Amino acid sequence: TKQKEMMAAHFERLSDAPQTGAKVAATFVPGNLNELIMCFDLVNNLPEVNAIQSGLRKQSGAYVMEAEKQGHSEDVCTYVKSDLGMMAKGQIGPNGRRLPDPDVLLLSYTGCFTFMKWFELLREQYKCETIMFHTPYMGDGKITKDMVQYMVKQLKQDVIPKLEKISGVKFDIDRLREYLKKSAKAEDDLVTTLQY
């Protein structure tokens with residue numbers, strides 16, 4: 001299917017990064033800034049997807065055991081332990097090739113404390129640039145002007161400058177707009193498909 005082809009191509013691009021010179025951003029699925037990452041020609045590596053892929057290949061058990069052998073508690077999320085164990089065992093992706101170490105860790109989701117702790121462990125392992133894009137808590141479900149200003153300030157003063165430095169690519173707002181437009185269409189198309 002097309003989805004399998006797209007996933008396979010992504011993992012090949014990721015595995016080829018050391019040879020092609022592409023920079024790698026590790027980030028999480030929830031709250032990801034994929035369109036922004038694409039503006040800097042970064043290849044996205046998603047630790048939860050790696051954990052799921054390991055599970056599909058029936059390799060998670062060994063990875064989880066490896067992480068526990070290294071001292072990670074049985075109570076820690078298996079996503080985390082699968083990822084950490086995979087790193088310890090050589091970080092082999094679903095294509096059977098080694099996944100590269102990230103050039104930047106981009107944490108843009110703080111809704112679960114596990115993600116923050118996971119990133120601390122990744123930062124300790126990879127010793128690369130770490131970017132924290134904090135999303136304010138919406139206790140009443142409403143977005144305020146101050147919240148928007150806070151996030152825009154982070155993007156302008158921290159996130160974008162660091163991504164420019166790491167990638168060597170200058171930020172282009174029109175490129176971002178185009179990616180966002182395509183993502184919105186893809187989401188609309190998915191909703192339409194699911195409604196049938």
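A residue is called buried when its relative accessible area is under 20%, exposed when over 50% and partly exposed in between, with a 1.4 Å probe and protein chains only. The structure is a predicted model, in which local features need pLDDT of at least 70 and side-chain atom pairs count only at pLDDT 80 or more, while totals for chains, interfaces and linings use all residues. Residues are numbered from 1 along each chain as its sequence is written, and side-chain values use heavy atoms, leaving out hydrogens and water.

Helix 6 is a good place to begin. In this helix, Phe 115, Trp 118, Phe 119, Leu 122 and Tyr 126 are buried. Seen down the axis of helix 6, the buried residues fall within an arc of 100° (taken from the directions from the helix axis to the C-beta atoms), so they line one face of the helix. Phe 113 and Glu 124, on the other side of helix 6, are exposed. The cover over the buried residues includes strand 1 (24-27), helix 3 (47-56), helix 5 (78-88), strand 3 (104-107) and strand 4 (129-132), where contact means heavy atoms within 4.5 Å. Just after helix 6, Lys 127 has a positive phi of about 50°.

Helix 3 and helix 5 also pack against each other, at an angle of about 85° and with their axes 9 Å apart. Helix 3 is therefore roughly perpendicular to helix 5, a term for angles of 65 to 115 degrees. Here Pro 47, Glu 48, Asn 50, Ala 51, Ile 52 and Ser 54 of helix 3 meet Tyr 79, Ser 82, Asp 83 and Met 86 of helix 5.

How values were computed
Helix = DSSP H or I, 4+ residues; strand = E, 2+ residues; numbered from the N terminus. Axes fitted to C-alpha atoms, helices over the stretch in contact; angles between N-to-C directions. Parallel < 35°, antiparallel > 145°, perpendicular 65-115°, else oblique.
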